[in-house]
Amino acid sequence: MRRIINDGELAVDRRRDPEGNYIVVMKVKDYENVKDKVNELGLTVELASDLVLIKSKSWSRVSRLINYARSRGIRVRES
């Protein structure tokens, strides 16, 4: 997934990475808004400079995170 991630935006791809994970990408400041839900869902988090990569093998958990992010005013870009 090669895209520019803007503030207030989350990017997610329905295709899995080679390890079988769905990946959600967002800025660190947007991650702070959904951090509690990420922890509640038990998702894996990796920091990469000013971006946060959230990984999960379950699309259902990613979908719940997406809905929560939308309710917090974060735009979601799906591909």
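Two strands are counted as paired if DSSP finds at least two bridges between them. In this predicted model, strand S2 (residues 22-27) and strand S4 (residues 51-56) are joined by 6 bridges and run antiparallel. Within this pairing, Met 26 of S2 sits opposite Val 52 of S4. S2 also pairs with strand S1 (residues 9-12), again in the antiparallel sense, over 3 bridges. Here Val 12 is found opposite Val 24 of S2.

With these partners in view, S2 itself is worth a look. The strand is mostly covered, 6 of its 6 residues being buried. Tyr 22, Val 24 and Met 26 point one way from S2, while Ile 23, Val 25 and Lys 27 point the other way, and all are buried.

Charged side chains add further contacts, and the salt bridges in the model number 8. One of them links Glu 9 and Arg 77, with an N to O distance of 3.5 Å. Because Glu 9 belongs to strand S1 and Arg 77 to strand S5 (residues 75-78), this pair ties together parts that are 68 residues apart in sequence. Glu 9 is buried, at 5% relative accessible area, whereas Arg 77 is partly exposed at 27%.

Another salt bridge brings Lys 55 and Glu 46 together, their closest N and O atoms lying 3.1 Å apart. Lys 55 has a relative accessible area of 16% and is therefore buried, the cut-off being under 20%. Glu 46, at 34%, is partly exposed. In the salt bridge between Glu 78 and Arg 70, the closest N and O atoms are 3.2 Å apart. Glu 78 is partly exposed at 43%, and Arg 70 is partly exposed at 44%.

Technical notes: Residues are numbered from 1 along each chain as its sequence is written. This is a predicted model: local features need pLDDT of at least 70, side-chain atom pairs count only at pLDDT 80 or more; totals for chains, interfaces and linings use all residues. Side-chain values use heavy atoms; hydrogens and water are left out. Buried means under 20% relative accessible area, exposed over 50%, partly exposed in between (1.4 Å probe, protein chains only). Helices (H or I, at least four residues) and strands (E, at least two) are DSSP runs, numbered from the N terminus. A salt bridge is a side-chain nitrogen of Lys or Arg within 4 Å of a carboxyl oxygen of Asp or Glu.
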